[in-house]
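Colleague: Could you take one helix of this protein and walk me through its surroundings with some care? I would like to see how that part sits within the whole chain.

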Amino acid sequence: RILILDFGSQYTQLIARRVREVGVYSEIRAWDISEEDLDEFNPKGIILAGGPESVAAHESPRAPASIFTRGIPVLGICYGMQTMAEQLGGEVEPSNLREFGYAQVKLQGANALFKDIKDHVEHDGSALLDVWMSHGDKVTKVPEGFSVSAVTQSCPIAGMVNEEKQFYGVQFHPEVTHTLQGKRIFEHFVLQICQCDALWTAANIVEDAIDKVKAQVGTDHVLLGLSGGVDSSVVAALLHRAIGDQLTCVFVDNGLLRKDEGEQVMDMFAKNMGVKVIRANAEELFLGKLKGVSDPEQKRKIIGNTFIDIFDEESAKIDNVKWLAQGTIYPDVIESAAAKTGKAHVIKSHHNVGGLPEDMALSLVEPLRELFKDEVRTIGLELGLPYDMVYRHPFPGPGLGVRILGEVKKDYADILREADAIFIEELHAANWYHKTSQAFAVFLPVKSVGVVGDGRRYEWVIALRAVETVDFMTARWAHLPYELLEKVSGRIINEISGVSRVTYDVSSKPPATIEWE
Ligand code: XMP
């Protein structure tokens with residue numbers, strides 16, 4: 001296993017993902033990890049990540065001194081290289097000027113990290129790499145025993161190495177895809193230098209998770225709230241494989257699901273896989289509680305609380321349950337840890353519905369706690385879930401409730417379901433579904449004029465929304481082809497009675513959020 005020490009860079013999670021892509025398990029911990037935790041983790045190598053602070057600044061963070069005396073390889077990236085240089089007796093010069101973006105580094109001498117790696121060759125025969133730089137401060141003197149391994153025009157020490165001790169530093173960011181040879185640099189560090197075995201594969205992750213769940217719950221019964229989303233679906237498949245009939249899922253149909261979604265979830269899990277699923281048909285209850293309510297936050301609260309009520313009610317009918325399974329994934333764990341210690345520079349707020357039934361006193365099973373989203377998807381496929389389910393766009397907990405502006409009514413939801421299904425079907429047909437990160441229809445409760453035959457009709461408006469995004473914090477509206485929009489709009493207006501106008505949302509986030517409410 002590889003330990004990654006976090007100094008607050010937005011790229012730290014990417015480093016962990018790159019190491020795992022090479023096939024080796026890695027975890028992120030804060031830079032001030034205790035000696036006991038270091039001993040317990042017992043890494044085969046350590047990566048010091050980047051960070052926003054200056055090594056030259058008073059009281060800026062440092063790596064624990066003991067990592068340099070454990071006899072294991074250390075790779076410092078950006079701030080990590082600077083703190084390594086400073087802590088081992090080199091010098092770092094502060095600078096207010098930031099170098100940011102593409103750069104070309106020239107490699108010097110031979111070392112195991114850069115072995116046989118190059119993007120270009122210079123006329124004097126030295127290897128050049130295309131890399132991504134983002135730094136202000138610079139190392140100006142390497143510590144004793146180190147030599148310079150890479151230079152750029154503006155950064156004379158862009159890499160340093162002490163091969164005897166297996167300490168490596170790079171000023172650029174191998175974890176971002178703009179650094180073309182980044183993957184090979186991690187392969188060299190993790191597989192050759194740290195001599196880890198590439199055992200972190202989908203099949204092993206599944207096997208390992210199954211063993212852990214079995215050991216954790218024994219012969220007890222486990223309850224899971226199944227939503228049909230990727231995370232809870234993968235948990236259901238995994239637990240079913242691990243403990244079979246000891247798992248019961250509760251699927252709440254709140255009347256705000258997409259077209260045929262309830263049937264699809266039941267077919268997939270109950271029929272095909274033989275998972276015990278209790279379906280709670282609660283459309284009337286949800287719509288009843290939402291009657292007359294138009295404030296979005298109020299609607300979210302009602303939907304969330306009603307969900308918990310139903311979930312409690314259904315689960316109270318099952319005997320002998322001791323555990324509640326949840327689809328918590330690694331980014332949630334990192335973020336809530338960072339939020340607690342105040343070390344996070346970016347904190348995403350989670351707004352998933354759900355909660356522990358109060359009087360049940362259940363313990364938690366969280367089999368995806370150590371996995372990134374892409375790993376969750378990969379093991380979903382490994383567990384036999386269909387590609388379309390595993391790679392489906394995210395869908396908010398309150399469902400269509402936040403896609404019908406203002407008051408929610410059943411006939412609005414029915415119209416919206418049809419419009420949404422047409423949009424998604426056409427996106428798939430035109431090969432655009434997987435080029436967008438999220439796409440859906442929105443119901444606007446305003447009537448606009450339309451002419452049908454000789455008569456004027458006033459009918460509802462549907463808005464289409466499609467965005468491209470990596471992290472859902474910022475998003476660009478998707479530049480869908482006009483022909484595709486034309487086809488979708490034509491079909492919606494012709495096939496759905498009550499709709500006479502379709503618009504396309506060309507707002508990016510910020511300031512427009514992805515959902516309309
Ligand atoms: P916004 O609209 O904030 O959405 O740009 C960002 C992402 O979060 C999803 N979203 C929600 N998910 N409950 C959820 O579980 C909610 O209340 C909720 N509101 C927005 C949205 O679909 C997008 O993926």
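Modeller: What follows is a close look at helix α4, its partners and the parts of the chain around it. Please keep in mind throughout that this is a predicted model.

To set the scene, the protein has 517 residues, of which 39% count as buried, and its secondary structure comes to 14 helices and 21 strands. The C-alpha atoms fill a box of roughly 85 × 60 × 40 Å along the principal axes. The chain is divided into domain 1 (2–193), domain 2 (202–390) and domain 3 (409–504), and the C-alpha centres of domain 1 and domain 3 lie 48 Å apart. Among contacts with a separation of 6 or more, 74% join residues that are 24 or more positions apart.

Helix α4 covers residues 182–193, and domain 1 has its upper bound at residue 193. The helix has 12 residues and reaches 15 Å from its first C-alpha to its last, which is close to the 16 Å expected at 1.5 Å a residue. Its buried residues are Gly-182, Ile-185, Phe-186, Glu-187, His-188, Phe-189, Val-190 and Ile-193, and these pack against β1 (2–6), α1, β3 (45–48), β4 (74–77) and β12 (167–170). Just after the helix, Gln-195 takes a positive phi of about 55°; in general, most residues other than glycine have a negative phi.

Where does Val-190 of α4 stand relative to Gly-23? The two are 167 residues apart in sequence, yet their C-alpha atoms are 9.1 Å apart in space. Gly-23 is found in the loop between α1 (12–21) and β2 (26–30), and α1 is one of the elements against which the buried residues of α4 pack. Leaving aside residues up to four places away in sequence, Gly-23 touches Ala-198, Leu-199, Trp-200 and Thr-201. Gly-23 counts as partly exposed because it has 16 C-beta neighbours inside 10 Å.

Two of the strands that the buried residues of α4 pack against, β3 and β4, adjoin loops that each hold a residue with a positive phi. Asn-42, in the loop between α2 (35–41) and β3, has a positive phi of about 50° although it is not a glycine. Cys-78, in the loop between β4 and α3 (79–87), likewise has a positive phi, near 55°. Are these residues buried or exposed? Asn-42 is exposed, because 10 other C-beta atoms lie within 10 Å, whereas Cys-78 is buried, because 25 other C-beta atoms lie within 10 Å.

Beyond α4, the chain continues to helix α5 (residues 202–217), whose axis comes within 9 Å of that of helix α6 (residues 230–243) and crosses it at roughly 65°, in a right-handed crossing. From α5, Val-206, Ala-209, Ile-210, Val-213, Lys-214 and Val-217 meet Leu-238, Leu-239, Arg-241, Ala-242 and Ile-243 of α6. By class, this contact has 9 nonpolar, no polar and 2 charged residues.

Notes:
Residues numbered from 1 in each chain as written. Predicted model: local features only at pLDDT ≥ 70, side-chain atom pairs only at ≥ 80, totals over all residues. Helix = DSSP H or I, 4+ residues; strand = E, 2+ residues; numbered from the N terminus. Buried ≥ 20, exposed ≤ 12 C-beta atoms within 10 Å, placed from the backbone. Contact = placed C-beta atoms within 7 Å. Axes fitted to C-alpha atoms, helices over the stretch in contact; angles between N-to-C directions. Left-handed = near helix turned anticlockwise from the far one by under 90°. Nonpolar A, V, L, I, M, F, W, Y, C, P; charged D, E, K, R; others polar. Expected span 1.5 Å × (residues − 1). Domains from an automatic or database assignment.
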